[in-house]
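This report concerns a single protein chain, whose sequence and structure are displayed below. The account is arranged by topic, from the overall fold to individual contacts.

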Amino acid sequence: QGGIFFGSRRVTRLHAEIDSPSDEDSFIAHILGRRIMSKHVILNKKESEEPIEKTVLTNDGTFELILSKLVESDGGGLFHKPKEMQYMYMQTQGAGLETISPKDVLESIANFSAIS
């Protein structure tokens, strides 16, 4: 089985830009910059049976899941746009990077623990 894998899933599309640290335009992406890895998984029966990887180890370091959301896929026809899950991971460890935790980053933005 060849190809590139992110955790246990094969990479089917890759988005890379020189000027943009991430293909995700969100508040958290602006806070974390190049520490963001976004993964899109088209929803189907096989994928729904696979567990969500909360931590992914790669050659570049450790990535931890920080959010997931349901979005419309870029594929499909005029009347049917399949749904996909977008998972956003934060790189918490890696060569030349300071080790950080998602909890510490989020609490530096706001006191989320006071909500519960």
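The sections below describe the fold, the sheet, selected buried side chains, a salt bridge and a surface patch.

## Overall architecture

The structure is a predicted model. Its protein chain contains three helices and six strands, and these elements follow one another along the sequence in the pattern β-β-α-β-α-β-β-β-α. The chain has 116 residues, of which 28% count as buried.

## The four-stranded sheet

Four strands form an open sheet in the order β3-β6-β5-β4, and their pairing is antiparallel. The edge positions are held by β3 and β4 (residues 55-58); each has a single partner strand, so one side of each lacks a neighbour in the sheet. From one strand to the next, the twist averages 35°. As a general principle, the strands of a sheet pair through backbone hydrogen bonds, in either a parallel or an antiparallel manner.

The pairings can be followed across the sheet in the stated order. Strand β3 (residues 36-42) is joined to β6 by seven bridges, and the two run antiparallel. Within this pairing, I42 stands opposite E84 of β6. Strand β5 (residues 61-72) pairs with β6 over ten bridges, again in the antiparallel sense. Here L65 has Y89 of β6 as its bridge partner, while S68 stands opposite Y87 in β6.

At the β4 edge, four bridges connect β4 to β5, and these strands run antiparallel. A hairpin leads from β4 to β5 through two residues. The bridge partner of T55 in β5 is E64, and that of V56 in β5 is F63.

## Strand β6 and its buried polar side chains

Strand β6 spans residues 83-93 and is mostly covered, with nine of its eleven residues buried. In the sheet order, β6 stands between β3 and β5. In a regular strand, side chains alternate between the two faces of the sheet.

Two polar side chains of this strand merit individual attention. Q86 is found in β6 and has a relative accessible area of 4%. Because a residue counts as buried under 20% relative accessible area, Q86 is classified as buried. The side chain of Q86 makes a polar contact of 2.9 Å with the side chain of S38.

T92 also has its place in strand β6. Its relative accessibility is 1%, so T92 counts as buried. The side chains of T92 and E64 are in polar contact at 3.4 Å. E64 is also the residue of β5 that serves as the bridge partner of T55.

## The salt bridge between E53 and K39

How many salt bridges does a search of the whole structure find? The search finds one. It is formed by E53 and K39, whose closest N and O atoms are 3.5 Å apart. The pair links distant parts of the chain: E53 belongs to the loop between α2 (45-49) and β4, K39 belongs to strand β3, and the two are 14 residues apart. In general terms, side chains of opposite charge can pair when their charged atoms come close.

Are the two partners buried or exposed? E53 is buried, at a relative accessible area of 16%, and K39 likewise counts as buried, at 9% relative accessibility. Both values fall under the 20% limit for a buried residue, so neither partner is classified as exposed.

E53 is also associated with another separation along the chain. E53 and S8 lie 45 residues apart in sequence, and their C-alpha atoms are 8.3 Å apart in space.

## A nonpolar surface patch

F27, I31, L106, I109, F112 and I115 make a nonpolar surface patch of about 580 Å². The elements that give two or more residues to this patch are α1 (27-32) and α3 (102-109).

Among the patch residues, I31 is found in helix α1. Its relative accessibility is 42%. Because the partly exposed class lies between the 20% and 50% limits, I31 counts as partly exposed.

Technical notes:
Residues numbered from 1 in each chain as written. Predicted model: local features only at pLDDT ≥ 70, side-chain atom pairs only at ≥ 80, totals over all residues. Heavy atoms only, no water. Buried < 20%, exposed > 50% of the residue type's maximum accessible area, 1.4 Å probe, protein only. Pairing = 2+ DSSP bridges. Polar contact = N/O pair within 3.5 Å; in protein donor to acceptor, adjacent residues only side chain to side chain. Axes fitted to C-alpha atoms, helices over the stretch in contact; angles between N-to-C directions. Salt bridge = Lys/Arg side-chain N within 4 Å of Asp/Glu carboxyl O. Patch = residues over 30% accessible without salt bridge, like charges linked within 9 Å, V, L, I, M, F, W, Y side chains within 5 Å. Areas by Shrake-Rupley, 256 points an atom, 1.4 Å probe, with all protein chains shown as cover.
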